[in-house]
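Colleague: Can you walk me through this model before I get back to the bench? I'd like to go residue by residue where that helps.

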Amino acid sequence: MPDVRNCKRCNKIFNYLSGPPICLDCKQQDEDKFKIVKEYLYENPKASVYEVSKELEISVQLIKSFLKEGRLEIIGEDGNMFLECERCGKSISTGRYCESCAREITDDIRSVAGKIKGNPNEPASGGKSGAMRYLHKKW
Ligand SMILES: [Zn+2]
Ligand SMILES: [Zn+2]
């Protein structure tokens with residue numbers, strides 16, 4: 001039986017598959033916006049969240065959701081206080097949790113005493129607070 005829901009954005013009824021509860025049209029709109037943000041960041045590296053939002057007329061909230069999805073990352077030192085860990089409230093640059101919470105959550109899930117891999121990708125330093133860069137990930 002299909003999982004039919006109302007789109008959170010436009011309230012249209014759609015067949016829910018996975019991810020955020022929004023319909024394909026709205027999803028496509030987000031995709032288009034993401035592309036614009038991506039291009040803008042390519043042209044304007046280190047543009048801040050607010051700059052991008054103002055220049056492209058894209059809501060800060062949507063940009064934040066791209067950050068939470070790990071599609072964008074805030075560059076610069078810790079303490080930009082734009083994005084916060086959903087578990088401990090610490091300032092983070094991408095995703096939903098800070099590194100230590102993410103590790104604890106992962107450890108909780110697989111209660112196997114596996115080795116924790118070191119992270120060779122040190123966050124880029126410098127830049128304005130709240131500046132972003134595009135993360136090269138496949139979607
Ligand atoms: Zn919709
Ligand atoms: Zn945390």
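Colleague: Let's start with Glu57: is it buried or exposed?

Modeller: The call rests on counting other C-beta atoms within 10 Å, placed from the backbone: 20 or more is buried, 12 or fewer is exposed, and in between is partly exposed. Glu57 has 9 such atoms, so its label is exposed.

Colleague: Before we go on, what sort of model is this, and how is it numbered?

Modeller: Residues count from 1 along each chain as its sequence is written, while chains are lettered from A and ligands numbered from 1 in the order written. Local features need pLDDT of at least 70, side-chain atom pairs count only at pLDDT 80 or more, totals for chains, interfaces and linings use all residues, and the model is predicted.

Colleague: Where does Glu57 sit, then?

Modeller: Its phi is near 55°, a positive value in a residue other than glycine. Elements here are DSSP runs numbered from the N terminus, with helices (H or I) of at least four residues and strands (E) of at least two. Glu57 falls in the loop between helix H2 (49–56) and helix H3 (60–68).

Colleague: Which residue in the turn of the S1–S2 hairpin has a positive phi?

Modeller: S1 (residues 3–6) and S2 (residues 13–16) pair in the antiparallel sense over 4 bridges, where pairing takes at least two DSSP bridges. Val4 stands opposite Asn15 in S2. Between the two strands are 6 residues, and the one with a positive phi, about 70°, is Asn11.

Colleague: And is Asn11 buried or exposed?

Modeller: Asn11 lies in the loop between S1 and S2. Its C-beta has 8 neighbours inside 10 Å, so Asn11 counts as exposed.

Colleague: How far is Pro2 from Tyr16?

Modeller: Pro2 is in the segment before S1, and it counts as exposed because it has 8 C-beta neighbours inside 10 Å. Pro2 and Tyr16 are 14 residues apart along the chain, and their C-alpha atoms are separated by 7.4 Å.

Colleague: On to the inside: which domains give residues to the largest nonpolar core?

Modeller: A nonpolar core is a set of buried Ala, Val, Leu, Ile, Met, Phe, Trp, Tyr and Cys residues joined through C-beta atoms within 7 Å. The largest has 17 residues, and those with the most contacts inside it include Val52, Ile63 and Met132. Elements giving two or more residues are helix H1 (24–43), H2, H3, strand S3 (72–75) and strand S6 (131–134). By an automatic or database domain assignment, the core lies between two domains because both give residues to it: domain 1 (1–78) and domain 2 (82–111).

Colleague: Ile74 is on the list of residues with the most contacts in that core, so how many C-beta neighbours make it count as buried?

Modeller: Ile74 is in strand S3, and its C-alpha is 8.4 Å from that of Val49, 25 residues away along the chain. Ile74 counts as buried because its C-beta neighbours inside 10 Å number 25.

Colleague: At what angle do H1 and H2 pack?

Modeller: Ile36, Val37 and Tyr40 in H1 meet Val52, Glu55 and Leu56 in H2, a contact being C-beta atoms, placed from the backbone, within 7 Å. Axes are lines fitted to C-alpha atoms over the stretch in contact, and angles run from 0 to 180 degrees between N-to-C directions. The axes of H1 and H2 are 11 Å apart, and the angle is about 120°.

Methods
Contact = placed C-beta atoms within 7 Å.
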